[in-house]
Amino acid sequence: MKVELKKFGTRLVSRPDGREAFLVFKSYLKPKTKEEKIELDFSGIHVLTPSWLDEFIAGVKETFPSNPINYLPSVNASVIESIKVLEEV
């Protein structure tokens with residue numbers, strides 16, 4: 001399943017907003033099966049911070065542990081660096 005993160009806004013900057021976005025995802029956009037890939041699409045995002053992404057990803061991993069998460073390619077520097085920060089942790 002492809003999740004267009006721009007549905008949550010173009011400036012994804014705070015941990016509380018990341019948590020709120022995850023709760024929306026969990027309620028309305030959840031994967032149909034345990035094997036379905038969750039693809040995060042960053043197109044249309046202007047600013048993304050590691051704290052927002054961490055909160056969103058942590059919720060997804062906790063709630064859907066068997067669903068693989070893929071990050072779709074992006075040319076946005078804040079997206080690229082936020083993903084790098086999360087991968088280092």
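**Note on helix α2 and its surroundings**

1. Trp52 touches Leu5, Phe8, Leu12, Val13, Ser14, Asp17, Gly18 and Ala21, when residues up to four places away in sequence are not counted. The model in which these contacts are found is a predicted one. Trp52 belongs to helix α2, and Trp52 counts as buried because its relative accessible area is 1%, under the 20% limit. Tyr28, by contrast, is 24 residues from Trp52 in sequence, and the two C-alpha atoms are 19 Å apart in space.

2. A second residue of helix α2 that deserves attention is Val60. Its relative accessible area is 1%, so Val60 is buried as well. Leaving out neighbours within four places in sequence, Val60 is in contact with Phe22, Phe25, Ile38, Pro65 and Ile69. Ile83 lies 23 residues from Val60 along the chain, and a distance of 15 Å separates their C-alpha atoms.

3. The helix that carries both residues should be considered as a whole. Helix α2 covers residues 50-63, which is 14 residues; at 1.5 Å a residue it should span 20 Å, and its end C-alpha atoms are indeed 20 Å apart, so the two values agree. Its buried residues are Trp52, Leu53, Glu55, Phe56, Ile57, Gly59 and Val60. Among the elements that cover these buried residues are β2 (11-12), α1 (15-28), β3 (38-41), β4 (47-48), β5 (69-71) and α3 (77-88).

4. Which strands does α2 lie across? The helix lies across β3 and β5. With respect to β5, α2 runs at about 150°.

5. The sheet itself is open and has three strands in the order β1-β3-β5, with parallel pairing. Its edge strands are β1 (2-4) and β5, each of which pairs on one side only. From one strand to the next the twist averages 25°.

6. The individual pairings can be followed residue by residue. Three bridges connect β1 and β3 in the parallel sense. Lys2 stands opposite Glu39 of β3, and Val3 stands opposite Leu40 of β3. The strands β3 and β5 also run parallel and are joined by three bridges. Here Ile38 has Ile69 in β5 as its bridge partner; Ile38 and Ile69 also appear among the contacts of Val60.

7. How many aromatic pairs does a search of the whole structure find? The search finds six. One of them is formed by Phe25 and Phe64, which are edge-to-face, with 5.8 Å from centre to centre and 90° between the planes. This pair links distant parts of the chain: Phe25 is in helix α1, Phe64 is in the loop between α2 and β5, and 39 residues separate them. Phe25 and Phe64 are both buried.

8. Trp52 and Phe56 form an aromatic pair of the stacked kind, with centres 5.3 Å apart and an angle of 10° between the planes. Both residues lie in helix α2, four residues apart, or about one turn of the helix. An α-helix has 3.6 residues a turn, so residues three or four places apart point the same way. Are Trp52 and Phe56 buried or exposed? Both are buried.

9. The two pairs described above belong together, since one aromatic cluster is formed by Phe8, Phe25, Trp52, Phe56 and Phe64. Phe8 was also listed among the residues that Trp52 touches, and Phe25 among those in contact with Val60.

10. For the chain as a whole, the secondary structure comes to three helices and five strands. Read along the sequence, their pattern is β-β-α-β-β-α-β-α. The C-alpha trace spans about 30 × 25 × 20 Å along its principal axes. A compact globule of 89 residues would have a radius of gyration near 12 Å, and the chain has 12 Å, which agrees.

11. Two further totals complete the description. Of the 89 residues in the chain, 34% count as buried. Among contacts with a separation of 6 or more, 84% come from residues 24 or more positions apart.

How values were computed:
Residues numbered from 1 in each chain as written. Predicted model: local features only at pLDDT ≥ 70, side-chain atom pairs only at ≥ 80, totals over all residues. Heavy atoms only, no water. Helix = DSSP H or I, 4+ residues; strand = E, 2+ residues; numbered from the N terminus. Expected span 1.5 Å × (residues − 1). Buried < 20%, exposed > 50% of the residue type's maximum accessible area, 1.4 Å probe, protein only. Contact = heavy atoms within 4.5 Å. Pairing = 2+ DSSP bridges. Axes fitted to C-alpha atoms, helices over the stretch in contact; angles between N-to-C directions. Phe/Tyr/Trp six-rings, centres within 6.5 Å; stacked < 30°, edge-to-face > 60°. Rg over C-alpha atoms; globule rule 2.2 N^0.38 Å.
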